[in-house]
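Visitor: I am new to this structure and would like a close look at a single part of it, the aromatic rings. Could you take me through them slowly?

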Amino acid sequence: QVQLVESGGGLVQAGDSLRLACVASGRTFSGRTFTTVTVGWFRQASGKEREFVSFIKWSGGSSYYRDYAESVKGRFTSSRDVAKNTVYLQMNSLKPEDTAVYYCAADGSGVRASEYRYWGQGTQVTVSS
C-alpha cells in the first residue's frame, strides 16, 4: 500500500523559512517507482479550496521539471532525494498568506488536485505577521 507522509510544518514569522518533506513508502505507483512519478504540493487555507503550489516531474535520466504557482515563484523550491524516496518543498520569505495545510500528492500530471492518485495527511504551516 502506498503511503505519503509530510513533515516540517510549524509556526514561523513572516520572512522566515521552512522545509517540508514528503516521504513515500509502499509498493509501486501504478507500476512505476516513486522516482519517476510526478509529485505535487498543494495547500488549503481555512475556508478556501485546495490550491496548487508546485510539482516536480521526471523528465528522464536524473532530470526533473518543476512548476510553481505564481504566488510562490521565486520563494519556494521543490527538490527530490531519490535515495530517500523524499520530495522537499523549501519555502523562503514566508508570508502570512502562505498559512495553510500543505499536502503532497503523487502519481499525477499537473496542477489539478483531481489528477493525483495518492495523498499525504497534510502538515500545518502558520505564518504570523
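Guide: Two rings of Phe, Tyr or Trp, with the six-membered ring used for Trp, count as a pair if their centres lie within 6.5 Å. In this predicted model, the structure holds seven aromatic pairs. One of them joins Phe42 and Tyr116, whose ring centres are 5.3 Å apart and whose planes stand at 75°, an edge-to-face arrangement. This pair links distant parts of the chain, since Phe42 belongs to strand β4 whereas Tyr116 sits in the loop between β9 and β10 (118-119), 74 residues apart. Both Phe42 and Tyr116 are buried. Another pair is made by Phe52 and Phe55, and because planes between 30 and 60 degrees apart count as tilted, their angle of 50°, with centres 5.9 Å apart, makes this pair a tilted one. Phe52 and Phe55 are likewise buried. These four residues do not stand alone, for ring pairs link Phe42, Phe52, Phe55, Tyr65, Tyr103, Tyr116 and Trp119 into a cluster.

Aromatic residues also appear in the largest nonpolar core, which has 35 residues, and among the members that touch the most others there are Phe29, Phe34 and Tyr102, together with Leu4 and Met91. Strands β4 (38-44) and β5 (51-58) are among the elements that give two or more residues to this core, while β9 gives the most, with five residues. Leaving aside residues up to four places away in sequence, Phe29 touches Val2, Leu4, Ala24, Phe34, Val37, Ala106, Asp107 and Tyr118.

Conventions:
Residues are numbered from 1 along each chain as its sequence is written. This is a predicted model: local features need pLDDT of at least 70, side-chain atom pairs count only at pLDDT 80 or more; totals for chains, interfaces and linings use all residues. Side-chain values use heavy atoms; hydrogens and water are left out. A nonpolar core is a set of buried Ala, Val, Leu, Ile, Met, Phe, Trp, Tyr and Cys residues joined through side-chain atoms within 4.5 Å. Buried means under 20% relative accessible area, exposed over 50%, partly exposed in between (1.4 Å probe, protein chains only). Helices (H or I, at least four residues) and strands (E, at least two) are DSSP runs, numbered from the N terminus. Contact means heavy atoms within 4.5 Å.
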